[in-house]
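This report describes selected features of a single protein chain. The sequence and the structure are displayed first.

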Amino acid sequence: YRKAALQVRKGFNNYPRNTNGLFWHGTWATNQSWIDGVFMGQIFLARFGSLIGDSEYAFNEVVRQMTLMHQHCGLENGLILHGWDESKKASWADKTTGLAPAVWSEGLGWYAVLIADVFDYLPKEHPGYSKLKTIHRNLCEGIKNNQDPETGMWCQVVDKCSAPGNWNETSGTGMFIYLLQKSMDNGSID
């Protein structure tokens, strides 16, 4: 496991980034950073820093990626838009801001799982810990406030549940429940 983990860790050294340091979603998604992509790399790095080593890099990168994504895509209601394209060329990107037009349930769900689990690894003494705790609390509040009151689920476009064509989405709902339940269990929210 250690040998494989070290090999994966090396992959972050040359992984493509936007000019601010935010990882691309993939080499095929030039200049695009997606909310679910933050989970893919950062849960590995959080565990790596805690279990294998190179913790200074690992924890700093985790905090950097999570806060940069929130900085670009975070909304006042606590939710986070699906993505940001620095080049503003993606078909989905706003041509002025580069932002995605919606809060996508499954994409945000992966960020929710990450922020639920990251505190299992990130030391409380880390300088970015309190910033992530604030993002965490605001996200929990935003998720709570956008729950479909009729079904208790969340919709595909999370903050537009009553929009025509929107529907209850099971994957995001499951991940939001995971965040909220884990956060209640560990006393982060009431």
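The sections below treat the cysteines, two helix contacts and a number of individual residues in what is a predicted model.

## The disulfide

A search of the whole structure finds one disulfide. The bond joins cysteine 155 to cysteine 161, with the two sulfur atoms 1.9 Å apart. The torsion about this S-S bond is about 40°, so the disulfide is right-handed.

The two partners differ in their exposure class. Cysteine 155 has a relative accessible area of 3% and is therefore buried, whereas cysteine 161, at 25% relative accessibility, counts as partly exposed.

## Surroundings of the disulfide

Cysteine 155 lies in the loop between H5 and H6. Leaving aside residues up to four places away in sequence, cysteine 155 touches Ser105, Cys161, Asn166, Trp167, Asn168 and Glu169. One of these, Ser105, also belongs to the residues of H4 that make the contact with H6.

Asparagine 166 is likewise located in the loop between helix H5 (129–145) and H6. The C-alpha atoms of cysteine 155 and asparagine 166 are 6.5 Å apart, although eleven residues separate them along the chain. With residues up to four places away in sequence again not counted, asparagine 166 touches Cys155, Gln156, Val157, Lys160 and Cys161; both cysteines of the disulfide are thus among its contacts. At 18% relative accessibility, asparagine 166 counts as buried, since the limit for that class is under 20%.

## Cysteines without a disulfide partner

Why do cysteine 73 and cysteine 140 not form a bond with the closest cysteine? For cysteine 73, the closest cysteine sulfur is that of cysteine 140, which at 19 Å is too far for a bond. For cysteine 140, the closest cysteine sulfur is that of cysteine 161, also at 19 Å and too far for a bond. The cut-off for a disulfide is a pair of cysteine sulfur atoms within 2.5 Å.

Both of these cysteines are shielded from solvent according to their computed accessibility. Cysteine 73 is buried at 1% relative accessibility, and cysteine 140 is buried at 4%.

## Contact of H4 with H6

Helix H4 (residues 105–117) and helix H6 (residues 170–185) have axes that come within 8 Å and cross at roughly 20°. Because angles under 35 degrees count as roughly parallel, H4 and H6 are therefore roughly parallel to each other. Their crossing is left-handed.

On the H4 side, the contact is made by Ser105, Glu106, Leu108, Gly109, Trp110, Ala112, Val113, Ile115, Ala116 and Asp117. On the H6 side, Ser171, Gly172, Thr173, Met175, Phe176, Tyr178, Leu179 and Lys182 take part. The residues of this contact divide into ten nonpolar, five polar and three charged.

## Contact of H1 with H2

Helix H1 (residues 2–11) and helix H2 (residues 35–51) pack with their axes 11 Å apart, at an angle of about 125°. H1 and H2 are therefore oblique to each other. The crossing of H1 with H2 is left-handed.

In this contact, Ala5, Leu6, Val8 and Arg9 of H1 meet Phe44, Leu45 and Phe48 of H2. The residues involved comprise six nonpolar, no polar and one charged.

Arginine 2 is also part of helix H1. The C-alpha atoms of arginine 2 and phenylalanine 48 are separated by 9.2 Å, the two residues being 46 residues apart along the chain. Arginine 2 is partly exposed, with a relative accessible area of 48%.

## Residues with positive phi

Which phi sign does aspartate 54 have, positive or negative? Aspartate 54 has a positive phi of about 50° although it is not a glycine. This residue is placed in the loop between H2 and helix H3 (55–73). With a relative accessible area of 39%, aspartate 54 is partly exposed.

Lysine 88 is not a glycine either, and has a positive phi of about 65°. The position of lysine 88 is in the loop between strand E2 (83–85) and H4. Lysine 88 is partly exposed, with a relative accessible area of 30%.

How values were computed. Residues numbered from 1 in each chain as written. Predicted model: local features only at pLDDT ≥ 70, side-chain atom pairs only at ≥ 80, totals over all residues. Heavy atoms only, no water. Axes fitted to C-alpha atoms, helices over the stretch in contact; angles between N-to-C directions. Helix = DSSP H or I, 4+ residues; strand = E, 2+ residues; numbered from the N terminus. Parallel < 35°, antiparallel > 145°, perpendicular 65-115°, else oblique. Left-handed = near helix turned anticlockwise from the far one by under 90°. Contact = heavy atoms within 4.5 Å. Nonpolar A, V, L, I, M, F, W, Y, C, P; charged D, E, K, R; others polar. Buried < 20%, exposed > 50% of the residue type's maximum accessible area, 1.4 Å probe, protein only.
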